[in-house]
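Where does the ligand sit, and what surrounds it? The paragraphs below take the pockets in turn.

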Amino acid sequence: MDQIRFDNRVVIVTGAGAGLGREYALEFARRGASVVVNDLGVARDGSGSTHSAADAVVQEIHQSGGKAAANYDSVATPEGGKNIVKTALDSFGAVDVLVNNAGFLRDKSFAKMTIEEWDAVMNVHLRGAFCVTQPALSVMRERGYGRIIVTSSTSGIFGNFGQSNYGAAKMGLVGFMNVLKLESEKYNVHMNAIAPNAYSRMTENLIPAELAPKLQAKFNVPMVVYLCSEECRENGSIFTMGAGWYAKTAVVCAPGVCLGDGSREIRAEEVRENFAKITDLSGARPLNNNLETFQFMEPLLK
Ligand code: NAI
C-alpha cells in the first residue's frame with residue numbers, strides 16, 4: 001500500500017494544541033506536511049489563553065524531525081483568521097489544507113442558556129470557520145488546489161440535550177459546507193464535514209470514562225488524512241466516526257407526495273390523509289443543491 005503523503009503541502013489545523021487537533025497535526029507532520037499549529041490555549045469553556053498548548057505540539061513535531069509553526073490567534077475574529085493564514089504563508093509560503101477544528105462547549109438547558117453562552121459557542125465554531133476559511137480559501141483559489149474540513153457534530157446532526165448553542169453551530173457548519181462545496185469546486189478546492197467521537201477534555205464529563213480506551217482521538221485521524229489528500233475526490237459530504245467506525249452521513253429528501261394540481265388549494269386534511277407517504281423515507285436520497293428539490297415537484301410545475 002503506497003502511503004498517503006503531504007510532502008510540500010502546508011496544513012493548518014486550528015485548535016491543534018490538544019485533543020483531536022493535536023492528533024491531526026502530529027499525523028500530517030509525520031506524513032511530510034508543514035503544519036501550522038494554531039491554538040489559543042483556552043480552558044474547556046473557552047476562557048483564558050496560553051501559548052503553551054500550541055508550543056508543546058510544535059516542539060513535539062520538531063523533535064521528531066517534522067516541520068511546524070505555532071500560531072496563538074483566536075479563530076473567532078477576522079484578524080485572527082487572517083493571521084493564522086499569514087503564519088502559514090510567512091513560514092511555509094502556501095496553504096493547501098485547512099482543518100477547522102478549534103472549539104469549546106458552554107452546555108446549558110435551553111431555558112437557562114444566556115445570550116453570552118449562545119454567542120460564545122456560535123462565535124468559536126461558526127464565525128471561527130468563516131474567519132479562517134475565507135482567507136485560506138482565497139489562497140487556495142489562487143493556487144487552484146485545496147482541501148478543507150469543517151468539524152460538525154452528532155449533537156447538531158442528530159441532537160443532544162443541553163447543547164442548543166453547540167448543535168446549532170455544528171449543523172450551521174453543514175450549511176456552510178453545502179454552499180462552499182458548490183462555490184469552490186471549480187477551483188479544485190474540496191470541502192467535507194466530519195462528526196468525530198473521542199474521549200477528550202471536551203467530552204470527559206459527557207462520555208462514560210470506561211469508553212475512554214475505545215474512543216481514542218487517534219481513531220478519527222485516518223478519515224481526516226484521507227479526506228485532505230490530493231487523491232480524494234469527495235466534496236460536500238459528512239462523515240461520522242468513532243472508535244474505528246466510519247460512515248457517510250447525509251441530509252436526505254424523501255420522494256414524498258404531490259398533492260393538488262399546481263393551482264387548486266390544498267387542504268390540511270389532505271396532508272393528514274397522506275402523512276404516511278409524506279414521512280416514508282424509503283427511496284430518500286441526498287441532494288446536491290437546493291434546485292434539485294424541484295425535481296420532486298415536477299408533475300406540479302408543468
Ligand atoms: P479539546 O477541548 O480537547 O480541544 C479543542 C482545542 O481548541 C483546545 O486546545 C482549545 O484551546 C482550542 N480552542 C478553543 N477555542 C479556540 C479559539 N477561539 N481559537 C483557537 N483555538 C481554540 O476538544 P476536542 O474534543 O479535541 O474537539 C475538537 C473539535 O471536535 C471541536 O470542534 C469539537 O466541537 C469537535 N467535536 C469533538 C467531539 C468529541 O467527541 N471530542 C465530538 C464532536 C465534535
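A pocket is defined on a 1 Å grid over the protein atoms alone, as an open set of points where a 1.4 Å probe fits, with protein on both sides within 12 Å along at least five of seven lines; lining residues have an atom within 4 Å of a point. A molecule sits in a pocket if more than half of its atoms lie within 2 Å of the grid points of that pocket. By this criterion the ligand sits in the largest pocket. The model is predicted: local features need pLDDT of at least 70, side-chain atom pairs count only at pLDDT 80 or more, and totals for chains, interfaces and linings use all residues. Residues are numbered from 1 along each chain as its sequence is written, and side-chain values use heavy atoms, without hydrogens and water.

Around the ligand there are 30 residues (a heavy atom within 4 Å). Asp 39, Asn 101, Tyr 166, Ala 198 and Ser 200 come nearest. An oxygen atom of the ligand lies 2.7 Å from a polar backbone atom of Asn 101, and an oxygen atom of the ligand is 3.0 Å from one of Val 42. A ligand nitrogen atom is 3.3 Å from a backbone N or O atom of Leu 40.

The largest pocket holds about 870 Å³ of space (the volume filled by probe spheres set on the points, which are joined across faces, edges and corners). Its lining has 45 residues, with Asn 101, Gly 103, Phe 104, Ser 200 and Met 202 closest to the centre.

The second largest pocket holds about 450 Å³. Among its 22 lining residues, Asn 178, Lys 181, Val 251, Leu 287 and Asn 288 lie nearest its centre.

Methods: Polar contact = N/O pair within 3.5 Å; in protein donor to acceptor, adjacent residues only side chain to side chain.
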